[in-house]
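Please walk through this structure slowly, with the sequence and the three-dimensional view side by side. The paragraphs below go from strands to a metal site, and then on to the interior and a helix.

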Amino acid sequence: MDILTTVRHAAATAFVLAAFGTTPGSAQPAPKPTDPQIAHIAYTADDIDIKNAKLALEKSRNKEVRAFADDMVRDHTAVNVRALALVGKLKVTPEDNPTSQSLVKQQDAERAKLASLSGSAFDKAYVANEAAYHGAVNGALETTLIPASQNAELKSLLQSGLGIFQEHQKHAEHLATLVK
Amino acid sequence: MTRRQASARRPLALAYCALVVAAWPGPGHAETLRLTIENMAFADALASARVGDTIEWSNLDIVAHTVTARDGSFDIVILPGKTGRTVLRKAGKATFYCRYHSSMAGKIDIRPD
Ligand SMILES: [Cu+2]
């Protein structure tokens, strides 16, 4: 990874982390999320990545990037099918919250930026955002969402999600070294 | 642990030989080996089998995986919670991976029948 990519990567990570209230030195720690809020954040985080991938499938002509985007749609859709089934079973109504709203706002802005790019500039920016975004979501899962979740089935689903998204993060980081 | 998996352990292989020969029903008795895919990994990443055997893969994850031979001899998609089968046709070391998750890989040592 060259220095520019590393810097962009770090900036993007800090940006996404801010949504979770986990930026080092942020004024107040975010209050511990409840299960209905955690379910909402997890569903939203998946949904955002599906939207990012659909944009990549519209814009990219790069075979590896398109295959990665296909993987993101397939896996995040599968996780959300489980999430919806679980909240239905537990009779939990996912509750919107500042973290979900902040994630949506940030990634809407990121997609608007991506939409203005094309060719390899798009591919590079999409892959860098995917690495940063998965990194931030995984960090939030590990440090906040999984420890805070009360219901055992929700916790277990989040843990499965973490294993899947860690693979995605590695995949995106590897792709970043290939997309020139 | 199945006899196959045990016999793949090199240090035990010699001591095991007599047992295996005694237990082996002879050629033409193909078996089905059951292997699992769990937590984004092939659980038995180093299996041992014979030509003609069938491998039945169970995907215990919540996402789909593929079992794809690097030499193209098999390529199956296994949906979450489902199983898929491959028949081993060729002796040798078959290396395989998941097309959706490239960090997932494994190897089967396929002996001639
Ligand atoms: Cu896989």
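Two strands are said to pair if DSSP finds at least two bridges between them. With that in mind, and remembering that the model is a predicted one, begin in chain B, where two bridges join strand β5 (residues 65-69) to strand β8 (residues 92-97), and these two strands run antiparallel. In this pairing Ala69(B) stands opposite Phe96(B) of β8(B). Strand β8(B) also pairs with strand β9 (residues 105-111) of chain B, again in the antiparallel sense, over six bridges, and here Ala94(B) is found opposite Ile108(B) of β9(B).

Strand β5(B) has a further partner, since four bridges join β5(B) to β6(B) in an antiparallel arrangement, with Val67(B) having Ile76(B) as its bridge partner in β6(B). The hairpin made by β5(B) and β6(B) has five residues between its strands, and in this hairpin Gly72(B) takes a positive phi near 80 degrees. Along β6 (residues 75-78) of chain B the side chains alternate, so that Ile76(B) and Ile78(B) point to one face and are buried, while Asp75(B) and Val77(B) point to the other face and are not buried.

A second group of strands in chain B forms an open sheet of four strands, in the order β2-β1-β4-β7, with mixed pairing. Its edge strands are β2 (41-42) and β7 (83-87) of chain B, each of which pairs on one side only. Strand β4(B) pairs with β7(B) in the antiparallel sense over five bridges, and Thr54(B) stands opposite Val87(B) of β7(B). Also in β4 (residues 54-59) of chain B lies Ser58(B). Is Ser58(B) buried or exposed? Its relative accessible area is 17%, and because buried means under 20%, Ser58(B) counts as buried. Leaving out residues up to four places away in sequence, Ser58(B) touches Leu35(B), Thr36(B), Ile37(B), Lys82(B) and Thr83(B).

Next comes the metal site. Which residues coordinate the copper ion? They are His65(B) through ND1, Cys98(B) through SG and His101(B) through ND1, at 2.0 to 2.2 Å, and along the chain these donors follow the spacing H-x32-C-x2-H. Cys98(B) is buried, with a relative accessible area of 0%, and His101(B), at 0% relative accessibility, counts as buried as well.

In soluble globular proteins, nonpolar side chains tend to be buried together. In this model the largest nonpolar core has 26 residues, of which Leu141(A), Leu145(A), Leu158(A), Ile164(A) and Val63(B) touch the most other members. Helices α2 (35-59), α3 (63-90), α5 (119-148) and α6 (152-178) of chain A each supply at least two residues of this core, and α5(A) gives the most, with seven residues. Leaving aside neighbours within four places in sequence, Leu145(A) is in contact with Pro33(A), Ile38(A), Ile41(A), Ala140(A) and Leu158(A). A second, separate core of 22 residues includes Ile37(B), Phe42(B), Ile55(B) and Ile108(B).

Finally, consider the helix α5(A) itself, which has 30 residues and reaches 41 Å from its first C-alpha to its last, close to the 44 Å expected at 1.5 Å a residue. Helix α5(A) bends by about 50 degrees at Leu141(A), a residue already met among those that touch the most other members of the largest nonpolar core.

Conventions: Residues are numbered from 1 along each chain as its sequence is written. Chains are lettered from A and ligands numbered from 1 in the order in which they are written. This is a predicted model: local features need pLDDT of at least 70, side-chain atom pairs count only at pLDDT 80 or more; totals for chains, interfaces and linings use all residues. Side-chain values use heavy atoms; hydrogens and water are left out. Buried means under 20% relative accessible area, exposed over 50%, partly exposed in between (1.4 Å probe, protein chains only). Contact means heavy atoms within 4.5 Å. Donors are N, O and S atoms within 2.8 Å of the metal (3.2 Å for Na, K and Ca); water is not among the atoms, so sites may look incomplete. A nonpolar core is a set of buried Ala, Val, Leu, Ile, Met, Phe, Trp, Tyr and Cys residues joined through side-chain atoms within 4.5 Å. The expected span of a helix is 1.5 Å times one less than its number of residues. The bend at a residue is the angle between axes fitted to the seven residues ending there and the seven starting there.
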